[in-house]
Amino acid sequence: MYTCPLCHHQGVNHYFEDKRRAYLQCQQCELVFVKPEQRLEAKEEKAHYDLHENDPSDEGYRRFLSRIADPLTDKISSNSQGLDFGCGPGPTLSIMLEEAGHSVELYDIYYHPELSVLEETYDFVTATEVIEHLYHPDKVWQQWLNLVKPKGWIGLMTKLVIDVDAFAGWHYKNDPTHVVFFSHQTFQFLAERDKLELEFFGNDVILLRKVQ
């Protein structure tokens, strides 16, 4: 018996299976997720992350991150304080936001494991290409809610599930560190449950604002 790792609903259906892994879908929040026993061990996961080469001076990477930086900076007040959660080995979004006049702390379980920053609250929290990696998305989601001040913003980047036909040929699912896959419906469920304002930008940027 499997339970949804995000909303804990016990109604879970088979969604898709390939040579690598089997995927399930929650009937309540519509999250698609890999069976837990098919996820990587921590050492294997970090070895995969160590292959990433994100460089703050890479203009292409900056253009990619501008897809979230631009709409977020339009929303937040000047001199806002934020946290880049899961910043990875080459933090870049934080630099871009600092260049726009904001201050940004860093946290990453492997590369910036400074737990003291998780004891503060912020005007915004960003997580770019992070949420699809979470083995315990329920706990981290609640953590983000606790980290953001009332009226504050959560800014996310992740590719979204469309339907099972698109999923079958979707390269995004083939990354062995990608274990949970969100859709518009999943974020709408979370926004309604947790009283958040929700906006989508393009195909992979999600901004959520704490109403209270």
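**Exercise 1. Find how many salt bridges the structure holds, then work out which parts of the chain the Glu 99 pair ties together.**

*Solution.* Start with the count: this predicted model holds eight salt bridges.

Next, pick out Glu 99. Its salt-bridge partner is Arg 62, and the closest N and O atoms of the two are 3.0 Å apart. Glu 99 sits in helix H3 and Arg 62 in helix H2, so the pair ties together parts that are 37 residues apart in sequence.

Now check how open each partner is. Glu 99 has 53% relative accessibility, so it counts as exposed, the cut-off being over 50%. Arg 62 comes out at 17%, so it counts as buried, which takes a value under 20%.

**Exercise 2. Work out what Asp 204 pairs with, and which network that residue belongs to.**

*Solution.* First, the partner: Asp 204 and Arg 67 meet through their side chains in a salt bridge, 2.4 Å from N to O. This pair links distant parts of the chain, with Asp 204 in the loop between E9 and E10 and Arg 67 in helix H2, 137 residues apart.

Second, accessibility. Asp 204 is at just 2%, so it counts as buried. Arg 67 is partly exposed because its relative accessible area is 36%.

Third, the network: salt bridges with shared partners join Arg 67, Lys 159 and Asp 204 into one.

**Exercise 3. Check whether the length of helix H2 agrees with its number of residues or disagrees, then describe the helix.**

*Solution.* H2 covers residues 59-75, which makes 17 residues. At 1.5 Å a residue it should span 24 Å, and its end C-alpha atoms are 24 Å apart, so the two agree.

That doesn't rule out a bend, so look along the helix: H2 has a kink of about 45 degrees, centred on Ser 66.

Go to the start of H2 next. There, a side-chain oxygen of Asp 58 comes to within 2.9 Å of the backbone nitrogen of Gly 60.

Finally, look at the buried side. The buried residues of H2 include Leu 65, Ile 68, Ala 69 and Leu 72. Some spacing along a helix is worth remembering here: with 3.6 residues a turn, residues three or four places apart point the same way. Among the elements covering the buried residues of H2 are helix H3 (93-99) and strand E7 (148-157).

**Exercise 4. Asp 138 has no salt bridge; find what its side chain makes a polar contact with instead.**

*Solution.* Begin with the location: Asp 138 is in helix H4 (residues 137-147). It is buried, and the nearest side chain of opposite charge, Lys 139, is 6.1 Å away. A salt bridge needs the atoms within 4 Å.

Then look for another partner. The side chain of His 8 makes a polar contact with that of Asp 138, at 2.5 Å. Leaving aside neighbours within four places in sequence, Asp 138 is in contact with Pro 5, Leu 6 and His 8.

**Exercise 5. Describe the surroundings of Arg 193 and of its helix, H6.**

*Solution.* Arg 193 has its place in H6, residues 184-194. With 36% relative accessibility, it counts as partly exposed. Arg 193 forms a salt bridge with Asp 194, with the closest N and O atoms 3.0 Å apart. Not counting residues up to four places away in sequence, Arg 193 touches Leu 6, Cys 7 and Trp 141.

Step back to the helix: Thr 186, Phe 187, Phe 189, Leu 190 and Ala 191 are buried in H6. The buried residues pack against H4, E7, E9 and E10. After H6 comes Lys 195, whose phi is positive, near 60 degrees.

How values were computed
Residues numbered from 1 in each chain as written. Predicted model: local features only at pLDDT ≥ 70, side-chain atom pairs only at ≥ 80, totals over all residues. Heavy atoms only, no water. Helix = DSSP H or I, 4+ residues; strand = E, 2+ residues; numbered from the N terminus. Expected span 1.5 Å × (residues − 1). Bend = angle between axes of the 7 residues up to and from the residue. Buried < 20%, exposed > 50% of the residue type's maximum accessible area, 1.4 Å probe, protein only. Contact = heavy atoms within 4.5 Å. Polar contact = N/O pair within 3.5 Å; in protein donor to acceptor, adjacent residues only side chain to side chain. Lys, Arg positive; Asp, Glu negative; His and termini not counted.
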